[in-house]
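Subject: Structure for your attention

Dear colleague,

I am handing over the structure below, and after it you will find an account of what was found. Please read the notes alongside the coordinates.

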Amino acid sequence: MRTSQPQTIYLKDYKVPPFLVDHVDLRFELFEEGARVYNSMEIRRNPDAESGQSLELDGEGLELEGLTLNGLPLADDDFEVTSGGLRVDKVSDKFTLGVVTWILPQDNTRLEGLYKSSGMFCTQCEAEGFRWITYFPDRPDVMARFRTRVEADKARYPVLLSNGNDVEKGDLEDGRHFVTWEDPFPKPCYLFALVAGDLAEKKDTFTTQSGREIDLRMYVEPRNAAKCDHALDSLKRSMRWDEQIYGREYDLDIFMIVAVDDFNMGAMENKGLNIFNSSCVLATPDTATDLAFQRIEAIVAHEYFHNWSGNRVTCRDWFQLSLKEGFTVFRDSQFSSDMGSPTVKRIEDATLLRTAQFAEDSGPMAHPVRPDSYIEISNFYTLTVYEKGAEVVRMIHTLLGEEDFRKGSDLYFERHDGQAVTTDDFVKAMEDASGRDLTQFRRWYQQAGTPIVDVSDAYDPDAKTYTLTLRQRIPATPGQETKQPQHIPFALGLVGEHGEDLPLKLQGEDDAPAQRVLDLTDEQQTFVFHDVAAQPVPSLLRGFSAPVKVHYPWTRDQLLFLMSHDSDGFNRWDAGQRLAVDVIQSMVDEPQERTVDPRLVTAFRQLLSDTDLDQALVAKMLQLPSEAYLIELADEADVQAIHKARTRVLNQLALELRDELVACYLRNREDGPYEPTPQAIARRSLKNTALAWLLHINDEEGRMLARQQFENAGNMTDQSGALRALVNSEFEEDRDTALASFYDRFREDPQVVEQWFAIQASSVRAGTLPAVEALLTHEAFDWKNPNKIRSVIGAFAGQNLANFHATDGSGYRFLAQHILSLDSSNPQIAARLVSPLTRWRNYSQAYRDGMRAALEQIHAKPDLSKDVYEVVHKSLKG
Ligand SMILES: [Zn+2]
C-alpha cells in the first residue's frame with residue numbers, strides 16, 4: 001500500500017496568491033541529453049494577501065543548478081527545496097528571483113511539462129505542467145508577461161516557437177541558433193508553450209473585421225504537409241464566426257497551430273501557439289473520415305475560441321475549470337451547429353451527454369460542474385465540467401434569449417479582460433446585463449447528479465384543458481445526500497391529432513405560442529393549458545432544453561406518432577430512440593419473446609424509404625440506441641443479456657428490411673469528388689449503415705458490395721466503413737484480406753493505423769480479446785504513444801462492451817494489468833483508462849465481483865500515482 005495518503009484540495013481553502021509575478025524572462029537551452037532553463041521572475045507581494053508570508057514556488061522533477069535574489073547567489077540556508085517546490089523565507093516586497101534548472105525532456109513519458117515527441121520538443125502545461133519545467137507559482141491566478149528565448153541546434157531544430165510575436169533571432173556558436181518570443185498579454189503559466197523541431201510550415205492569412213492582417217501558420221512534420229488545408233480553413237471560419245456572433249477579434253499578429261503525435265489530450269489553447277494531437281488536426285479525404293473532418297473543425301474552433309473565453313479571461317483556480325471549458329464547448333457547439341445541421345448536432349451532443357455524462361453523474365466520481373475538492377486536477381477534465389458545463393451555459397442562453405445573452409457575454413469580456421475569475425463572475429455578468437435573477441440557477445454549478453423530471457398529465461374534454469404536472473428530484477451523489485430544486489428550462493409542445501402544434505395558452509394569457517419554455521423551479525409544479533381542442537400528445541423537453549432525464553408513460557403508439565409527426569426534429573429522433581429502447585428492454589426481460597414488435601419494423605421501413613425528410617436526420621434515426629446507453633439506463637446491467645437483445649433486434653430488422661437496405665445503399669452510392677457537406681455526409685452515413693446491417697446478417701449481396709466499396713473507395717469514410725462492416729461479419733477470408741491490404745496501404749500513416757487498430761479492438765465478434773492482445777505486440781503499437789493506447793485498450797474497454805464484460809473476467813484482468821504498467825509511465829492516461837470499471841455497482845452480480853477485484857488489484861500497487869489512486873479509491877469507496 002502507499003505510504004502517504006494523497007492530499008485533497010478544497011475550494012473552501014482558496015486564498016489569493018501571496019506573491020504576483022509581473023514579468024518572466026525564460027531562456028531554454030535544448031540539448032539531446034537534457035535542457036537547461038534560465039528563469040528570471042520579477043516578483044512583488046500581493047497587496048491583497050496576508051503580509052509576511054514566505055515565497056513558495058511549485059516545482060517537480062527539477063534539478064536546481066542556480067538560485068539568485070536580485071542578481072546575487074542565495075546561500076544554502078536562505079532557501080529550502082521541498083517535496084513539491086522551493087521556499088525562500090527572507091524576501092522583500094519587490095525583487096527579482098533567478099532560477100536555473102536542468103530537466104530531461106527526452107525521458108519524460110508523462111507528457112506533462114517539456115518533452116520530446118518524434119524528435120521534436122514540445123510542451124503541455126495545463127493544468128500543472130509548468131512546475132515540471134521550472135520553479136514558479138503554478139496557479140492560474142498568477143498572470144505574467146512572458147519573454148522566451150529558445151536555443152537549439154539549427155540543423156535538427158530549424159523551427160523554434162513560443163507564445164506571442166517573434167522579436168529577435170540569430171545564429172550562435174557550434175551550429176546553434178535562437179529565436180526570442182514576446183507575449184504582450186499577461187497569462188497564467190498553464191498557457192505557456194514551446195516547440196522546437198524540423199517542421200514544415202503552411203502559411204495563410206486572415207483579415208480581421210477591423211482590417212488587421214493576421215499571419216496564420218501551421219507546423220507539421222514534413223510528411224504531413226498535405227494534411228493541413230482542412231484545419232486552416234476551419235480556423236478561418238472560426239475566426240470569422242467569433243467576430244460575427246460574439247464580436248471577438250483576434251489580438252496578436254500571428255496565430256500558430258502545431259501538430260504533435262504524442263499528446264495526452266486532444267489539443268491545447270496556449271496563447272497564439274495552439275498545440276494539437278495529430279489525430280485532431282490532420283486530414284485529407286483519403287486518410288480521415290467524415291467524423292474526423294467534423295471533429296477537427298470543432299476542435300480547431302474550440303481552441304481558437306479559448307483565446308477570449310479562457311486566455312483573455314481565465315480561471316481563478318482549477319475548481320473554475322468549467323468557466324472556460326463549459327462556455328467554450330457551448331461556443332464550439334453553436335459554431336458546429338451553424339456550419340452543419342443544427343438538429344443533428346443537438347442529437348450528437350445529447351447522445352454523448354445521456355450515454356457518458358449521465359453515467360459519470362450517477363457514479364462514484366460524480367461531481368458538480370464546479371467541483372468542491374480534488375486530489376489530482378487532471379482527473380477533472382471530465383464530461384461533467386465540459387459537456388454538462390456547456391449545457392448549463394446553453395440554459396442561460398435559453399433563459400435570457402439570444403440578444404440578452406450577447407449583452408451578457410460582452411459585459412463579461414469587458415468587465416474581466418485580463419483577469420482570473422470564477423463561474424460566479426460569469427453568471428453575475430449575465431444577470432447584470434439581462435436583469436434576470438439567476439440565484440437559484442446557480443445550483444447547476446453546485447449540485448452534482450442528473451435531475452429526473454417525472455411528468456404526468458390529464459386532459460379534460462369538457463373544459464378543453466390540458467393539465468401537466470412536473471416533479472423534479474435529484475439523486476444523492478457522493479458528499480451530497482440531499483439536493484435543492486434546480487431551475488430547469490423545460491421546452492414543450494403539444495401535438496394534435498394531425499401532427500399540428502396546438503397553441504399553448506396558460507390561464508389569463510392572450511398569446512398562445514406553439515412552443516414555450518416552462519420555468520420549472522419548484523419540486524412540483526402544475527401547468528394548465530386552455531382551449532385545447534382535443535387530447536394532445538406531449539412533446540417534452542424539446543431540443544433537449546435541459547440536461548435532465550424525463551419520465552413519462554408514453555405508449556408505443558404515441559412514440560410512433562411523434563416519430564413521424566413531431567415538428568421538433570430532436571424529439572422526432574428521441575421518440576424513435578425511446579421506442580427502440582423499449583423494444584430492446586422488453587426482449588431483455590422476456591428472453592422467450594421471439595419477434596420484434598412489428599410496429600418498430602414498419603417505422604424503420606418508412607425511414608429507410610423516406611427521401612423527403614432531412615437525410616442527415618434519417619441517418620441518425622436509423623442508429624439503434626448503443627449498448628453503452630442501454631447499460632446506463634439499467635439499474636443492474638446484465639451486459640450479455642443487453643448485447644443479445646440488441647443484436648436480436650438488429651438481426652430481425654436487417655432480415656425483414658433486407659431489400660430496403662440494398663435499395664438505400666444503392667440510392668446513396670455516389671462517385672463524385674469528396675465533399676464534407678452535411679448532405680454528402682448524410683449520404684455516406686446512410687450507405688454505410690445499410691452496409692453494416694447487411695453484413696450483420698451475413699448477406700451475400702452485402703458481402704459483394706462491401707468488397708467493391710473497400711476496393712474502389714475514393715475516401716476514408718467509405719474505405720473504413722467497408723472495412724468495419726467486414727471485420728464485424730463472419731466472412732473470415734474477406735475480413736483478413738481487407739485488414740492486411742488496409743495496413744499495407746497505410747502503414748506509414750500513424751493516424752490511419754490508429755483507426756485500423758480501433759476497428760479491430762472494437763469488433764463485436766465474440767472472443768476478440770486474444771486478437772486485441774496480439775495488437776499490443778504489433779510493430780506499429782507504441783506504449784509511449786497515447787493515441788495507440790486509446791485506439792487499442794481504450795477502444796476495447798470503452799466500445800467493445802460484450803467482450804470487455806466477458807463473464808470470465810478476462811476483459812477486466814486485461815485492463816487492470818495494463819493500467820498498472822502505465823501508471824508509472826503516464827499516470828494521466830492510466831487514470832482515464834480506469835473509467836470503464838468505476839461504475840461496478842451498476843452492474844449485476846455476474847460482473848460486479850470481477851470489476852471490483854480489478855479495482856482492488858490496482859489499488860494494492862505500492863506507490864500508485866495520485867491520478868490513478870483518486871479514481872480507484874473513490875470507486876471502491878463509492
Ligand atoms: Zn478547452
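In strand E15, Thr-180 is the bridge partner of Arg-149, and this is one place to begin with what is a predicted model. The pairing to look at there is that of strand E12, residues 144-153, with strand E15, residues 176-187, which are antiparallel to one another and are linked by 9 bridges. On E15 there is also Trp-181, whose bridge partner is Asp-166, and the strand concerned in that second pairing is E14, residues 165-171, which runs antiparallel to E15 and is joined to it by 6 bridges. E14 and E15 together make a hairpin with 4 residues between them, and in its turn Asp-174 has a positive phi of about 60°.

A second set of strands forms an open sheet of 5 members with mixed pairing, in the order E29-E31-E26-E25-E33. Strand E29 (505-506) and strand E33 (549-551) stand at the edges with a single partner strand each, so that one side of each has no neighbour in the sheet. Within this sheet, strand E25, residues 452-460, and strand E26, residues 465-473, are paired in the antiparallel sense over 9 bridges, and Val-453 has Gln-472 in E26 as its bridge partner. The loop between E25 and E26 holds Lys-464, a residue that is not a glycine and yet has a positive phi of about 55°; with a relative accessibility of 35%, Lys-464 counts as partly exposed.

Two further backbone details may be worth checking when you prepare the model. As a general background, most residues other than glycine have a negative phi, and most peptide bonds are trans. Asn-698, which is not a glycine, has a positive phi of about 50°, and its place is in the loop between helix H15 (678-696) and helix H16 (700-712); its relative accessible area is 30%, which puts Asn-698 among the partly exposed residues. The other detail is a cis peptide bond between Glu-126 and Ala-127, with omega at about 0°, and here Ala-127 is found in the loop between strand E11 (120-124) and E12.

Next comes the metal site. The zinc ion has as its protein donors His-302 (NE2), His-306 (NE2) and two OE atoms of Glu-325, at 2.0 to 2.7 Å from the ion, and the spacing of these donor residues in sequence is H-x3-H-x18-E. His-302 belongs to helix H2 (residues 290-305) and Glu-325 to helix H3 (residues 321-339), so the pair ties together parts that lie 23 residues apart in sequence. Which kind of arrangement do the 4 donor atoms around the zinc ion make? The angles they subtend run from 54 to 152°, and the arrangement is therefore irregular, since four donors would count as tetrahedral only with all angles between 85 and 135 degrees. His-302 and Glu-325 are both buried.

Another buried residue is Glu-754, whose relative accessible area is 9%, and which is placed in helix H19 (residues 750-761). When its neighbours within four places in sequence are left aside, Glu-754 is in contact with Ser-279, Asn-785, Asn-787, Lys-788 and Ser-791.

Finally, there is the empty space. The second largest pocket holds about 1500 Å³, and among the 44 residues that line it, those closest to its centre are Gln-7, Ile-9, Asp-58, Arg-131 and Arg-139. At least two residues of this pocket's lining come from each of strand E1 (9-10), strand E4 (55-58) and strand E8 (85-88), and E4 gives the most, with 4 residues.

As for enclosed space, a search of the whole structure finds 2 cavities of 30 Å³ or more, and the largest cavity has a volume of about 60 Å³. Strand E32 (537-540), helix H8 (556-565) and helix H9 (569-589) are the elements that give two or more residues to the lining of this largest cavity, with H9 supplying the largest share, 4 residues. The lining residues include Pro-538, Trp-554, Leu-559, Asp-566, Asp-574 and Arg-578.

With kind regards

Notes:
Residues are numbered from 1 along each chain as its sequence is written. This is a predicted model: local features need pLDDT of at least 70, side-chain atom pairs count only at pLDDT 80 or more; totals for chains, interfaces and linings use all residues. Side-chain values use heavy atoms; hydrogens and water are left out. Two strands pair if DSSP finds at least two bridges between them. Buried means under 20% relative accessible area, exposed over 50%, partly exposed in between (1.4 Å probe, protein chains only). Contact means heavy atoms within 4.5 Å. Donors are N, O and S atoms within 2.8 Å of the metal (3.2 Å for Na, K and Ca); water is not among the atoms, so sites may look incomplete. Four donors count as tetrahedral if all angles lie between 85 and 135 degrees; four count as square planar and six as octahedral if opposite donors are over 155 degrees apart and all others between 65 and 115; anything else is irregular. On a 1 Å grid over the protein atoms alone, a cavity is a set of points where a 1.4 Å probe fits but cannot get out, and a pocket is an open set with protein on both sides within 12 Å along at least five of seven lines; lining residues have an atom within 4 Å of a point. Grid points are joined across faces, edges and corners, and a volume is the space filled by probe spheres set on the points.
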